Amino acid sequence: MTILENVPLAPLTTLQVGGAARYFAELRREDDVREAAQFARSRNLPLFVLGGGSNLVVADSGWPGLALKIAIGGIANPNTHDAAGNAVLFSVGAGVNWDDFVAQAVAQNCAGVECLSGIPGSVGGTPVQNVGAYGQEVADTIESVRAFDLRTSDLKEDRLVVLPKPACGFRYRGSIFNRTERGRYIILRVNYRLQRGGAPSLKYADLQRHFAETKTPPSLAEVREAVREIRRSKGMLIVPGDDDCRSAGSFFKNPVLSEEQFQELSERAKLKGIEIPSYPALDARRKVSAAWLVEHSGFAKGYAVGAAGISHKHALALINRGDAKARDIVGLKDEIQHGVQEAWGILLEPEPVFVGF
Ligand SMILES: Cc1cc2nc3c(=O)[nH]c(=O)nc-3n(C[C@H](O)[C@H](O)[C@H](O)COP(=O)(O)OP(=O)(O)OC[C@H]3O[C@@H](n4cnc5c(N)ncnc54)[C@H](O)[C@@H]3O)c2cc1C
């Protein structure tokens, strides 16, 4: 494993802002993980684990410690079946591109991740915020996560652990990896249990509309293509040349409100003579659309402040319009949070991870 110095991080992220990592290494084999941990520990350096860089805002001052890019590959499909012969276990290296894995699963007629087509980033990044879209989330199919535990102090001890799904504490855009045990684990492989020959999931209105005219139920491959098409129209698919996808995806989480907060929101809407839209998928958990809140606080799609802006296709995506700095993006984030709080009394929580701030 080669340790490099002063490696710019912006090109390794989808938002493309931020400075350099003081030290940088690419981890291609599980065996290298100990060496990397030891390097950081012996120099008392903070360690940051980088996947596909699609959910990050890196500070302009960069990262003062070791940034470890996880590049462990391999999709092992040992063909393990359940009693009915339908459940298939895929053991996937954390460095595998997520959408490549989805493509392979769909090609093998395995259901469970088709609605997550087109999400950028690595497989190792998916358990961290329990990636979800169009009615599926990875918590539905993850069986276990293989990781290196940085917490124990004896470096000689074998610290490879396998965390079964219940130990991962999955919830909406969350898990132990970004909450209670943040920074503790380096994810090396993720094991997904998919259903061979399973029907595609069509829970979301966007998808149902897409297939409304279709007579026969769509195949997994057709749902995958539909999801990618819908995502492309919203700037949520990385398409070279499309400036609207120079983002970190949705910048704010959909807020989950208490009964009291929901009443207050309804009152404010009534006073403004606006109706809060109803989305069955959100209503079930009293979640409110963050995109709706942003757009109804004076921030239209395409809004821009210098080099930072809101995507022309999606109100929740903050974009780098060319040569934005991290401070421009953070300035726009602050402005939107402030505006939404003024208008609706709700503080939006950012979704991306802030590195080096
Ligand atoms: C255009 C666009 C669309 C998006 N759409 C969606 C969407 O529909 N749904 C959704 O949920 N997200 C979406 N995202 C966000 C992002 O793609 C996901 O969160 C993705 O899983 C992040 O993975 P990554 O490998 O890029 O992680 P990074 O951005 O590199 O890292 C994110 C966090 O995960 C940690 N991490 C990454 N890899 C590992 C590892 N191997 N071990 C330990 N920690 C690790 C990092 O330390 C960091 O804390 C979108 C992003 C973009 C740019």
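Me: How many nonpolar, polar and charged residues does the shell around the ligand have?
Reply: The model is predicted, and in it the ligand is surrounded by 35 residues, of which Val-49, Gly-52, Ser-54, Ser-122 and Arg-231 come nearest. Sorted by class, that shell has 17 nonpolar, 15 polar and three charged residues.

Me: Which strands each supply at least two residues of the shell around the ligand?
Reply: The shell counts residues with a heavy atom within 4 Å of the ligand. By that cut-off, the strands that each supply at least two residues are β3 (47–50), β9 (132–133), β13 (185–196) and β14 (247–250).

Me: Which residue has a side-chain N or O atom 2.8 Å from an oxygen atom of the ligand?
Reply: Polar backbone atoms also approach ligand oxygens, with a distance of 2.8 Å for Gly-51 and of 3.0 Å for Pro-120. The side-chain N or O atom that lies 2.8 Å from an oxygen atom of the ligand belongs to Gln-129.

Me: What percentage of the ligand's accessible area does the protein cover?
Reply: The polar contacts include the one from the side chain of Gln-129, at 2.8 Å from a ligand oxygen. On its own the ligand has 960 Å² of accessible area, and the part of this that the protein covers is 94%.

Me: Are α2 and α4 roughly parallel or antiparallel to each other?
Reply: Helix α2 (residues 98–107) packs with helix α4 (residues 220–233) at an angle of about 150°, their axes being 9 Å apart. Asp-99, Val-102, Ala-103 and Val-106 of α2 make the contact with Leu-220, Ala-221, Arg-224 and Arg-228 of α4, and these residues divide into five nonpolar, no polar and three charged. Angles over 145 degrees count as roughly antiparallel, and α2 and α4 are therefore roughly antiparallel.

Me: At roughly what angle do the axes of α5 and α8 cross?
Reply: Helix α5 (residues 259–272) and helix α8 (residues 326–344) have axes that come within 9 Å, and their crossing makes α5 roughly perpendicular to α8. The contact is made by Leu-265, Arg-268, Ala-269 and Lys-272 of α5 and by Gln-341, Glu-342, Ala-343 and Trp-344 of α8, with four nonpolar, one polar and three charged residues by class. The axes cross at roughly 80°.

Key
Residues are numbered from 1 along each chain as its sequence is written. This is a predicted model: local features need pLDDT of at least 70, side-chain atom pairs count only at pLDDT 80 or more; totals for chains, interfaces and linings use all residues. Side-chain values use heavy atoms; hydrogens and water are left out. A polar contact is a pair of N or O atoms within 3.5 Å; within protein, one must be able to donate a hydrogen and the other to accept it, and residues adjacent in sequence count only if both atoms are side-chain atoms. Accessible areas come from the Shrake-Rupley method with a 1.4 Å probe; for residues, only the protein chains shown count as cover. Helices (H or I, at least four residues) and strands (E, at least two) are DSSP runs, numbered from the N terminus. Ala, Val, Leu, Ile, Met, Phe, Trp, Tyr, Cys and Pro count as nonpolar, Asp, Glu, Lys and Arg as charged, and the others, Gly among them, as polar. Axes are lines fitted to C-alpha atoms, for helices over the stretch in contact, and angles run from 0 to 180 degrees between N-to-C directions. Angles under 35 degrees count as roughly parallel, over 145 as roughly antiparallel, 65 to 115 as roughly perpendicular and the rest as oblique. Contact means heavy atoms within 4.5 Å.
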